[in-house]
Amino acid sequence: MSKRILVSDDAMFMRNMLKNILIVEGYAVYEAANGQEAVDAYKAYTPDLVLMDLTMPVMDGITAIKHIRAGDPEARIIVCSALGQKTMVIEAIQAGARDYIVKPFEKSRVLEGVKAQIGSGKAA
Amino acid sequence: MKQELVNPFITSAFWVLESMLGETPKRGSLGVQAHGTTSHQVNVTIGVTGQVTGHIIIGMSLQTADRIASTMIGRPVKIFDSLAASAIAELANMIGGNGLLHLSEIGLVCDVTPPTIIRGQDVEIDTLSVPALVVPIILELGEFTMTVGLVQAQERTQAA
């Protein structure tokens, strides 16, 4: 069975790009277009990992991370954002993110971060 | 408007464009925004909030937008659809977001709003009289302008 990843980003382009990177590696991917959709999708699918953008309409990424972690303190979340300021990184880590990837990113950086959290796409 | 508020976004634009398009852009001569009308067919606006406030508008022709989106997506864009618009919006988001990193290096803490795409020529964009500098960015894929209208929060208070 494939490991499952929820990709939360308001940009369809970015969701597609991440989905293409992950599917090739054997991961199953769910999508959310804002923080609220991410919170709802996490409850519905309990994915192994979330890739979370920060600047999103309806509900921002930091708030979504807090909601998800309140329901599941073990939730594995990697932030994937264009915001690279130290204050944002600290805020995200304090909210419960386990890694922080700044856009634009190399494909290898995403896979390195994902594999460090949940291993390769196919479960052993 | 202070040049030091614009430079972070020029640096960011160059880095993002090199990363996403694999092309080193050239910068044209800086201009001043005289009015709020844009002659571009595709415009992306991003708001900046915090210790610096204002806007960034990235404007280009539909042909340039198609070419840039095609390179980002990895296949030709025949119609400027929602995926192509999303690619251009994300490019602007990355330029804005990374610009904030450079602003933070000079002690200015800010945030950006999600990008908004505005399509249509001769669109009036009301920037609430914030003075703006226009930076032409020249790529082999085409040319676009980055209009940066930012003021430090303190300046705005004094002006009011």
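Me: At roughly what angle do the axes of helix α1 of chain A and helix α3 of chain B cross?
Reply: Roughly 95°, and the two axes come within 7 Å. Bear in mind that this is a predicted model. Here α1(A) covers residues 12–24 and α3(B) covers residues 82–104.

Me: So are they roughly parallel or roughly perpendicular?
Reply: With that crossing angle, α1(A) is roughly perpendicular to α3(B).

Me: Which residues make the contact?
Reply: From α1(A) you have Met12(A), Phe13(A), Met14(A) and Asn16(A). Facing them from α3(B) are Ser82(B), Leu83(B), Ser86(B), Ala87(B) and Glu90(B). Split by class, the residues of this contact are five nonpolar, three polar and one charged.

Me: Zooming out, how many residues of chain B are in contact with chain A?
Reply: 22 residues of chain B, and they touch 18 residues of chain A.

Me: Which element of chain B gives the most?
Reply: α3(B), with 14 residues on the side that touches chain A. The elements of chain B giving two or more residues there are α1 (3–21), α2 (62–73) and α3. By class, that side of chain B has 13 nonpolar, eight polar and one charged residues.

Me: Back to α1(A). Which of its residues are buried?
Reply: Phe13(A), Met14(A), Arg15(A), Met17(A), Leu18(A) and Leu22(A). Note that Phe13(A) and Met14(A) also belong to the contact with α3(B).

Me: And what covers those buried residues?
Reply: Elements from both chains. The cover includes β1 (4–8), β2 (28–32), β3 (49–52) and α5 (107–118) of chain A, along with α2 and α3 of chain B.

Me: How far does α1(A) reach, end to end?
Reply: 18 Å from its first C-alpha to its last, over 13 residues. That is close to the 18 Å expected at 1.5 Å a residue. Just after the helix, Gly26(A) takes a positive phi of about 95°.

Me: New topic: what's the strand order in the chain A sheet?
Reply: β2-β1-β3-β4-β5, in an open sheet of five strands with parallel pairing. The edge strands are β2 and β5 (99–102) of chain A, each pairing on one side only. On average, neighbouring strands are turned by 20° against each other, direction ignored.

Me: How many bridges join β4(A) and β5(A)?
Reply: Four, in the parallel sense, with β4(A) being residues 77–81. Ile78(A) has Asp99(A) as its bridge partner in β5(A).

Me: Which strands does helix α2 of chain A touch?
Reply: Helix α2 of chain A, residues 35–45, packs on the sheet and touches β1, β2 and β3 of chain A. Its direction makes about 165° with that of β1(A).

Me: Over to chain B. Is Val112(B) buried or exposed?
Reply: Buried, because 23 other C-beta atoms lie within 10 Å. Val112(B) sits in strand β6 (residues 110–112) of chain B.

Me: What is Val112(B) in contact with, leaving aside neighbours within four places in sequence?
Reply: Thr55(A) from the other chain, plus Ile46(B), Gly47(B), Val48(B), Gly96(B), Gly97(B) and Leu100(B). Gly97(B) is 15 residues from Val112(B) in sequence, with 6.8 Å between their C-alpha atoms.

Me: And where is His102(B)?
Reply: In helix α3 of chain B. His102(B) counts as partly exposed, because 19 C-beta neighbours lie inside 10 Å and buried starts at 20. Beyond its neighbours within four places in sequence, His102(B) is in contact with Pro8(B), Thr11(B) and Ser12(B).

Methods: Residues numbered from 1 in each chain as written. Chains lettered and ligands numbered in written order. Predicted model: local features only at pLDDT ≥ 70, side-chain atom pairs only at ≥ 80, totals over all residues. Axes fitted to C-alpha atoms, helices over the stretch in contact; angles between N-to-C directions. Parallel < 35°, antiparallel > 145°, perpendicular 65-115°, else oblique. Contact = placed C-beta atoms within 7 Å. Nonpolar A, V, L, I, M, F, W, Y, C, P; charged D, E, K, R; others polar. Buried ≥ 20, exposed ≤ 12 C-beta atoms within 10 Å, placed from the backbone. Expected span 1.5 Å × (residues − 1). Pairing = 2+ DSSP bridges.
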